[in-house]
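Colleague: I am new to this structure. Please take one loop residue with an unusual backbone angle, look at it closely, and then walk me outward from there.

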Amino acid sequence: MIGRLAYGLAGLGGLLALLEAVPRLGLVDERFLPPASTVLGTLAGQLVTPELWIALGETMRGWALGLAIAFGAAVVAGVVIGITPGLRDLTGSTVEFLRPIPSVALVPLATLLFGPSLGSTLLLVVYAAFWQVLIQVLYGVAAVDAVAFDTARSYGLSAWSRVRHLVWPTALPYVMTGLRLAAAVAFILAVTAELVIGSPGLGAEIQVAQSSGAVSTVYALIVLAGLVGIGVNAAVRLLERRVLAWHPAVRSEVAA
Amino acid sequence: MLEISSLNKVYESPGRRVEAIGSITFDVGAGELVCVVGPSGCGKTTLLRCVAGLLPAGGGEVRLDGVPVTGPPPRMAVVFQEYGRSLFPWMTVRQNVELPLKEKRVPTERRRDLVAGSLEAVGLGDAADAHPWQLSGGMQQRVAIARAVAYEPQVLLMDEPFAAVDAQTRADLEDLILRLWRDLGVTTLFVTHDIDEAVYLGQRVVVLSSSPTTVIEDLKIDLPPERDQLTTRSLPRFGELRGHVYRQIQRARGER
Amino acid sequence: MLEISSLNKVYESPGRRVEAIGSITFDVGAGELVCVVGPSGCGKTTLLRCVAGLLPAGGGEVRLDGVPVTGPPPRMAVVFQEYGRSLFPWMTVRQNVELPLKEKRVPTERRRDLVAGSLEAVGLGDAADAHPWQLSGGMQQRVAIARAVAYEPQVLLMDEPFAAVDAQTRADLEDLILRLWRDLGVTTLFVTHDIDEAVYLGQRVVVLSSSPTTVIEDLKIDLPPERDQLTTRSLPRFGELRGHVYRQIQRARGER
Amino acid sequence: MFSGSSFYLPGPADVGRAFADTWFSGRLVEDVLPSLGRLLAGYAVAGLLGVGLGVPIGLSSRLRATLEPVLEFFRAIPPPVLVPLIMLLAGIDTPMKVLVIVSGCVWPILLNTVEGVRALDEVLADTCRMYGVRGASRMRRFVLRGASPQIMAGLRQALSIGIILMVISEMFASSSGLGFTIVLFQRQFQIAEMWSGILLLGLLGLGLSVLFRRLERRVLAWYYGSGAARA
Amino acid sequence: TGKAPGGKDRINAGVIAIVDTAPIHLGKAKGFFDEQNIDLTITPVQGGAAAVSGAVSGQFQFAFANTTSLLTAKQQGLDVKVVANGVSSTGEQGKDFSAVLVKPDSPIRAAKDLAGKKISVNQLKNIGDTTVRASVRNAGGDPTGIEFVELPFPDAPAALQGGRVDAIWVVEPFVSQAMSQGARAVSWNFADAAPDLTVAMYFTTGKTDPDLTRRFAAAMGKSLEYADTHSDEVRQVLKTYTKIAPEVIAKINLPKWPVAVNKASVQTIADLAVADGVLKEKVDVSALVP
Ligand SMILES: Nc1ncnc2c1ncn2[C@@H]1O[C@H](COP(=O)(O)OP(=O)(O)OP(=O)(O)O)[C@@H](O)[C@H]1O
Ligand SMILES: Nc1ncnc2c1ncn2[C@@H]1O[C@H](COP(=O)(O)OP(=O)(O)OP(=O)(O)O)[C@@H](O)[C@H]1O
Ligand SMILES: [Mg+2]
Ligand SMILES: [Mg+2]
């Protein structure tokens, strides 16, 4: 664990060094991409202002709520579609039709229904994150081993038991990937919704900073977004190590 | 009890057509123990899967208590040839054995006894908390047997259940199955490669030809009902029956 | 050729510690065929994996031609106990057998002969274009054997390679291995549960105790070198050796 | 006058009419084809990048530990705010737009590849080691094939994300393209036309996914046949 | 809407967080809206389209959008009506809040030279390209060959610097920022397009209560007048709702905030837009601006 942390920090250190060097060496203009040290300085300055924390709090609230709704709905829908014979083919085209519709295109609908409020953010976040989880769940449900499935059938496991004891554990690695994908997408959409609709939050802060030409602040806020991403991923990974301890991938990791 | 009449099964896939079962007809009386032997690839597993209702028959039918089998009947236990894949890797050995009992709503107390008893019987009393992938091949196979035994089925289907265990363990397990069959009157269909085993265990031995498979002999084993590893196997009649089955299988293979 | 000295292996995972191998010492001369028997779960597979360089030993060492084994040595073939999982499901039977030969850069012509010959030898000449999952358990196991045979290894490790085939096929395969060993001088380590088989095949039989495993007997099989299913098995000496090994295994199991 | 909601949610007939008027008049060639071209280019690059990076990261736990935070960092940055940075590096023309598409598509492919490679069957891995299957051959015959079910899941995800990113990329420095046209319709309050564009996006997604499904059925035939999967 | 404690009308205004909208922020701070019994909430929006859709759907009672966006909305049959002036050009060359900039070493010396060049605007088919074309036309150049590309204002200076475009159209604070970094102005397009050009306006929809509209207009008028005459306070209020660096705020050219809409300039924009194909047909300006 400590080892992993050290490697991770080394990786981030490398990124920082690169971001410091690129502007310093004049590869891109410093005015448009300030060196990492400047950006981190600005971020430090921002971090002491309460406004930033309030904005971050707003964003995280929309994120967490939206992610929870999307995840729950997608898991239920995915499992039902996945295990019900024929339903997958029946719903396939609808899913494929709706999926590529950009959340951004739903902005008019969102503002129409909810205005610049949490509701709009939620609509966009849920819409975008839902598909990510759904597709993963569908692939995960399809991965159930035939012999294991026959075992469950022959011992008379009920539909619910089959889902709980067989389908769900099999799909779990896929679902975890889905959760990681959706967590990022939900966060991105939470920020984008604020950017576009103007509901308060980190995105609105970025939007204001952009239209004010405050380059270093923009990058500071982007870095903050990235850091949140790292944190969220670390949390999901931790969860994964608990719930997937039996899985070959996690098993070998723990042993190594 | 179990009637298999003119059962036929063809596997078809692009570029390959295998008539796994030509036409099989025989039946198993209530509380009878019938062994099935036949050359490798002759369709024994296929037969078992049709009987278990896991695979739709191509032609003919399987009836259990006079009712055509269309899906897995209740109170039936199966030990699969692919024992490794039939255990759930995310559960411990105990949980694997316990799951069908929970499904059957066996009271906790009784469940605990059944699980402990059956694990003890297959010699895995101290591996109850291990996961299947921490066990040797033979141990995994014994878990699958323990699961079937604990389930107290009315019909028991076993597909080469002792293939991965040593001679001594095998003898113990044979006696376990005999005990179970005698005490609970479990109707048992037992697929094996070991002719000695078939003669030792079975009240009847069904010999299958190589594919397209038919029954080439349905042999009544007229040994005394009380069987014992030492005395039964040293009876002259045992040797005769064994030799007879051996020659039949020779014939079965020669015919292909 | 192959020296195993004070080999020890402990599996450790949270809440479970298994000393799979206590201390094993024996060696296999060049061109020798040694059979290993022992109760289920005693560490035979573990031993084989250590010898193959797939698993680092806990203590002691394995030497091949005087060189410590740290990774899989070249020109060694293994037939895994989990035959089903050792075949590539996305390749046909032929491709599975051919793959190692391609890696060895065997010329196309010769490769084709080797593949066809070995598939024929295991009785799968007409299943070459099927995928492994279209085969019965015994057929899959024979594909794994054909792959090892076609590879023309210097050292051959086999882990219960005939567990899933019928008696007659088993006898044929035994003779195949004997032929291979005699014609090419392949050094062979053969794990089996079948005492008859061990005595029939081996120049020596190593009997292992149950875990923590040690060698309880290293028995020279003083049968005539030319073996034959009918005559060899009916020699009185065969019966004696068989009985001796049987009693040793009894002892091994009794000790645990 | 119009009430708000009926204005923004025109009936199917209006959208249908707008669809015919808008897209069957040369726009299909002028706007849709270049967009589609960029989409496919970005998707292809993302596929190569995602699988190319995912395989080594999946195989080496050290590499994974080192790179994961960096990748997660970039993954959490919304593409719309990443665009200015991409413009700095790649200009404002086609390469920029392709890069924007790549920047979004690559993640599901990368993550799924990494997880797929991590979960490869151990017995098969041992088989490869024993029979000296290594290097490129091991990649092609074992790693990629073994991880392909999950890689396909990633590619599937990426397809629709690519379409979304195609729209976003055209919100910057554009004067044509399907995404740009939709945004322009929205800004010009040509709402029926806007919905017709969204409809076209959906149809596009549907069409591409049908093609994808075909491909997948071929690539994963062994997987769905083998009983390793049940679907 | 609704009544706030104390019987005030609670309203929500959708307004972009840029220099142009300083008066409403200043007026709110000064209490001009309270005087009219209005409890004002200012919601930042991203642009004109979002403001219009927010207003039409009833989320905003009042909102801010530029002249072309409003003309387009009107032409599409949306029920928008101007209630107050928003922001106007200073009309002075060299001292306006909008300009077309080129690199210091660019061969483009004047508006005329922009003909046939690649110019960035924040949104195509909007006020930017219309006024830039007008500026080029007025200077004797041929605007038909100009290639416009969309680039958000904040990203335009970098694109100019990197040679991705020949010229950029930006507004404050990017005008001052880019010029302090060496960019050169070649056209003051708002000043060129029409005298005292009304660039943007506050508007409402038919759903809003006329009395409320009247009171909002009164408060807005007072705010505009105050902002126009108290530039120091404007620069102060900019620090509260934007993130423009203080040193830039001190330097930027402020726009003008006359109380009255210059209907003639709106008509000019409408006509230009029709000529450029931005609008489909002639719009009756008096239906939009009463
Ligand atoms: N899923 C499948 N698709 C296509 N063919 C199959 C499939 N399963 C089995 N077969 C074919 O059906 C025949 C019978 O297979 P089955 O597994 O029933 O044999 P078996 O008697 O159990 O053999 P073994 O003793 O080796 O396990 C074989 O020829 C096999 O190739
Ligand atoms: N991956 C593992 N993790 C933990 N314990 C293991 C693991 N693999 C094997 N063991 C334990 O090591 C012991 C020996 O296992 P091994 O597979 O070597 O036995 P075996 O002699 O091959 O048995 P069998 O004849 O049943 O195949 C067993 O007690 C088993 O539980
Ligand atoms: Mg079988
Ligand atoms: Mg073993």
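Modeller: Start at C:Arg105, in the loop between α2 and α3 (108-121) of chain C. Bear in mind that this is a predicted model. The phi of C:Arg105 is positive, at about 60°, although the residue is not a glycine. That stands out because most residues other than glycine have a negative phi. Is C:Arg105 buried or exposed? C:Arg105 has a relative accessible area of 72%. Exposed means over 50%, so C:Arg105 counts as exposed.

Now move along chain C to C:Glu160. Here phi is near 45°, again a positive value in a residue other than glycine. C:Glu160 sits in the loop between β7 (155-159) and α5 (167-184) of chain C. The surroundings of C:Glu160 are another matter. Its relative accessible area is 6%. Buried means under 20%, so C:Glu160 is buried. Keep the pair in mind: C:Arg105 is exposed, whereas C:Glu160 is buried.

Stay in chain C for its metal site. Which residues hold the magnesium ion, ligand 4? C:Thr45 coordinates through OG1 and C:Gln81 through OE1, at 1.9 to 2.1 Å. The two come from distant parts of the chain, 36 residues apart. C:Thr45 belongs to helix α1 (residues 44-51) of chain C. C:Gln81 belongs to the loop between β6 (76-79) and α2 (93-103) of chain C. That α2 is the helix before the loop of C:Arg105. C:Thr45 is partly exposed, with a relative accessible area of 24%. C:Gln81 is buried, at 11%.

Chain B has a magnesium site too. Its ion is ligand 3, coordinated by B:Thr45 (OG1) and B:Gln81 (OE1) at 1.9 to 2.2 Å. B:Thr45 lies in helix α1 (residues 44-51) of chain B, and B:Gln81 in the loop between β6 (76-79) and α2 (83-86) of chain B, so the pair ties together parts that are 36 residues apart in sequence. B:Thr45 is partly exposed, at 24% relative accessibility. B:Gln81 has 10% and is buried.

Next, chain B as a whole. It contains nine helices and 10 strands. A compact globule of 256 residues would have a radius of gyration near 18 Å; chain B has 18 Å, which agrees. Its C-alpha trace spans about 50 × 50 × 35 Å along the principal axes. Of its 256 residues, 59% count as buried. Take the contacts of chain B with a separation of 6 or more: residues 24 or more positions apart account for 67% of them. The exposed area of chain B is about 9,800 Å², with 50% supplied by carbon and sulfur atoms. Chain B has 30 positive and 33 negative charges, and the mean positions of the two groups are 4 Å apart.

Chain D has another make-up. It holds 11 helices and zero strands. Its C-alpha atoms fill a box of roughly 75 × 45 × 30 Å along the principal axes. In chain D, 65% of the 231 residues count as buried. Among contacts with a separation of 6 or more in chain D, 79% join residues 24 or more positions apart. Chain D exposes about 8,000 Å², and carbon and sulfur atoms supply 66% of that area. Its charges are 21 positive and 14 negative, with mean positions 10 Å apart.

How do the chains meet? Seven pairs of chains are in contact, and chains A and D share the most contacts. Chain C and chain E have no contact; their closest C-alpha atoms lie 49 Å apart. Chain B and chain E do not touch either, with nearest C-alpha atoms 50 Å apart.

End in chain E. Look at helix α3 (residues 48-56): eight of its nine residues are buried, so this helix is largely enclosed by the rest of the structure. The buried residues of α3(E) include E:Gly48, E:Val52 and E:Val56. After α3(E) comes E:Gly58, with a positive phi near 90°. One more backbone feature belongs here. The peptide bond between E:Glu172 and E:Pro173 is cis, with omega about 5°. Most peptide bonds are trans. E:Pro173 is in the loop between β9 (167-171) and α7 (174-180) of chain E.

Technical notes: Residues numbered from 1 in each chain as written. Chains lettered and ligands numbered in written order. Predicted model: local features only at pLDDT ≥ 70, side-chain atom pairs only at ≥ 80, totals over all residues. Heavy atoms only, no water. Donors = N, O, S within 2.8 Å, 3.2 Å for Na, K, Ca; no water. Helix = DSSP H or I, 4+ residues; strand = E, 2+ residues; numbered from the N terminus. Buried < 20%, exposed > 50% of the residue type's maximum accessible area, 1.4 Å probe, protein only. Contact = heavy atoms within 4.5 Å. Rg over C-alpha atoms; globule rule 2.2 N^0.38 Å. Areas by Shrake-Rupley, 256 points an atom, 1.4 Å probe, with all protein chains shown as cover. Lys, Arg positive; Asp, Glu negative; His and termini not counted. Charge placed at Lys NZ, Arg CZ, Asp CG, Glu CD.
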